[in-house]
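Student: I have a new model open and would like to go through its side-chain pairings with you. Shall we take it step by step?

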Amino acid sequence: MAEQYSDLEKAITALVSNFHSAGNNGPTLKRDEFKGLLSSQLPNLTKTSVTDAGMGEILQQMGVNDGEDISFKHFWNLIQTLATSQHGLLSHEKVSKCGCVLL
């Protein structure tokens with residue numbers, strides 16, 4: 001019998017797998033590989049950051065220095081920012097009675 005994974009476990013696996021696939025299974029991504037990952041997996045984000053300046057702002061918010069490759073930790077900073085934003089949106093909808101406290 002195949003092991004069953006929760007939706008959250010599947011989501012974490014998808015994040016890690018997509019990151020490694022975008023960089024040919026290397027430990028970091030080059031900027032063009034990262035752009036490809038965003039284009040394919042976060043297309044709504046790239047709609048607002050298609051310019052080099054927009055991408056530069058995203059990289060800066062992630063803590064990526066000029067000339068530095070993108071590590072999974074940097075990528076996780078982006079995911080945390082997006083998840084926190086989504087949490088804020090959902091907590092204001094009437095269908096959600098969220099009382100979460102984010103640290």
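Student: Which aspartate forms a salt bridge with lysine 30?

Tutor: Happy to help, and do keep in mind that this is a predicted model. Side chains of opposite charge can pair when their charged atoms come close. For lysine 30, the closest N and O atoms of the pair are 3.1 Å apart, and the partner is aspartate 69.

Student: How many residues apart are lysine 30 and aspartate 69 along the chain?

Tutor: Lysine 30 sits in the loop between strand 1 (28-29) and helix 2 (31-41). Aspartate 69 belongs to the loop between helix 4 (52-62) and strand 2 (70-71). The salt bridge thus links distant parts of the chain, and the separation is 39 residues.

Student: Is histidine 74 buried or exposed?

Tutor: Histidine 74 is part of helix 5 (residues 72-91). Its relative accessibility is 10%, and the cut-off for buried is under 20%. Therefore histidine 74 counts as buried.

Student: Which residues is histidine 74 in contact with, leaving aside neighbours within four places in sequence?

Tutor: One of them is already familiar from the salt bridge with lysine 30, namely aspartate 69. That aspartate is partly exposed, with a relative accessible area of 25%. The full list for histidine 74 is Met62, Gly63, Val64, Glu68 and Asp69.

Student: Which residues do ring pairs link into a cluster?

Tutor: Let's turn to the aromatic rings. The count here comes to 4 aromatic pairs. Ring pairs join these residues into a cluster: Phe19, Phe72, Phe75 and Trp76.

Terms used: Residues numbered from 1 in each chain as written. Predicted model: local features only at pLDDT ≥ 70, side-chain atom pairs only at ≥ 80, totals over all residues. Heavy atoms only, no water. Salt bridge = Lys/Arg side-chain N within 4 Å of Asp/Glu carboxyl O. Helix = DSSP H or I, 4+ residues; strand = E, 2+ residues; numbered from the N terminus. Buried < 20%, exposed > 50% of the residue type's maximum accessible area, 1.4 Å probe, protein only. Phe/Tyr/Trp six-rings, centres within 6.5 Å; stacked < 30°, edge-to-face > 60°. Contact = heavy atoms within 4.5 Å.
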